Amino acid sequence: MDWEDPNFLRNLGEALRNITEGANRRPPGRGQRCVGECKVAELPQFFGGMDTERYLDWERKIERVFEFRELDEEKCCKYAILKLSGGASLWFEGLKAKIAREGKDRISSWESLKRKLQKRYVPLNHRLTTYKKIVDLRQGKMTLGEYIDEFEKLALMGDIEETE
């Protein structure tokens, strides 16, 4: 090995670059999870509107991905903001401007963003309304499976625990 040979040094530098670039391009092996990041496309979008159940469904879906990917609060918040579209995106931009005008800290955690979203998209009487729907639920023309599914959906929406 001749350390002073320009070809040797050039070849060594090129080999080191290839090793570094190859390591950066290599995807995780089969069966390995990419913890700490997720593809934006794998997250559902939320467009806003007055359908409380649609918002709560979006919240549950996005939280399942966050939990699976083991994301920290700040990343969860950033990913959720990216998935706000339409009216929800406009609402968030208005909220951001209001926070800046008032000199408050920006929203940087999923829990904080979720509280703001719930305040906007879940009416105060939602839990009471859902509880009333459960009380008034009758099997009627539903199959037993449909009835159970509806009951479980309402219990989940109203955050109601089943007692003995």
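**A tour from Glu63 to the largest pocket**

Select Glu63 to begin: with a relative accessible area of 25%, this residue is partly exposed. Its place is in helix 2, which spans residues 52–69. The model is predicted, and the confidence values come up at a later stop.

Stay on Glu63 and show what surrounds it. Apart from neighbours within four places in sequence, Glu63 is in contact with Trp110, Glu111 and Lys114. Now add Cys76 and draw a C-alpha to C-alpha distance from Glu63: the value is 8.4 Å, for two residues 13 apart in sequence.

Cys76 is the next selection. Its relative accessibility is 4%, so Cys76 counts as buried. Add Cys77, which also counts as buried, because its relative accessibility is 2%. What is the closest cysteine sulfur to that of Cys77, and how far away is it? The closest one is in Cys76, at 8.7 Å, and this is too far for a bond. Across the whole structure, a search finds zero disulfides.

From Cys77, go to Leu113, one of its contacts. Leu113 is found in helix 5, which covers residues 110–121. Is Leu113 buried or exposed? It counts as buried, because its relative accessibility is 0%. Leaving out neighbours within four places in sequence, the contacts of Leu113 are Cys77, Ala80, Ile81, Phe92 and Ile107. Select Ile81 from that list and draw the C-alpha distance to Leu113: 8.5 Å, with their positions 32 residues apart along the chain.

Next, move to the loop between helix 2 and helix 3 (73–82) and pick Glu70. Glu70 counts as exposed, because its relative accessibility is 52%. Check the backbone here: phi of Glu70 is near 55 degrees, a positive value in a residue other than glycine. Most residues other than glycine have a negative phi.

Now display the largest pocket, which has a volume of about 320 Å³. Of the 14 residues that line it, select the ones closest to its centre: Leu56, Val122, His126, Met157 and Asp159. Which helices each supply at least two residues of this lining? They are helix 2, helix 5, helix 6 (126–136) and helix 7 (144–157). Helix 2 gives the most, with three residues. The tour has therefore come back to the helix that holds Glu63.

Zoom out to the whole protein. Its secondary structure comes to seven helices and zero strands, in the order α-α-α-α-α-α-α along the sequence. Of its 164 residues, 27% are buried. The accessible surface comes to about 12,300 Å², and carbon and sulfur atoms account for 53% of that area. Among contacts with a separation of 6 or more, 69% are between residues 24 or more positions apart.

Last, colour the model by pLDDT. The mean for the protein is 82, and 77% of the residues reach 70 or more. Then select residues 23–34: the pLDDT over this stretch is below 50, and beyond near neighbours in sequence the stretch has five contacts in the model.

Conventions:
Residues numbered from 1 in each chain as written. Predicted model: local features only at pLDDT ≥ 70, side-chain atom pairs only at ≥ 80, totals over all residues. Heavy atoms only, no water. pLDDT = per-residue confidence, 0-100. Contact = heavy atoms within 4.5 Å. Helix = DSSP H or I, 4+ residues; strand = E, 2+ residues; numbered from the N terminus. Buried < 20%, exposed > 50% of the residue type's maximum accessible area, 1.4 Å probe, protein only. Areas by Shrake-Rupley, 256 points an atom, 1.4 Å probe, with all protein chains shown as cover. Disulfide = S-S within 2.5 Å. 1 Å grid on protein atoms, 1.4 Å probe; cavity = no way out; pocket = protein on both sides within 12 Å on 5 of 7 lines; lining within 4 Å. Points joined across faces, edges and corners; volume = space filled by probe spheres on them.
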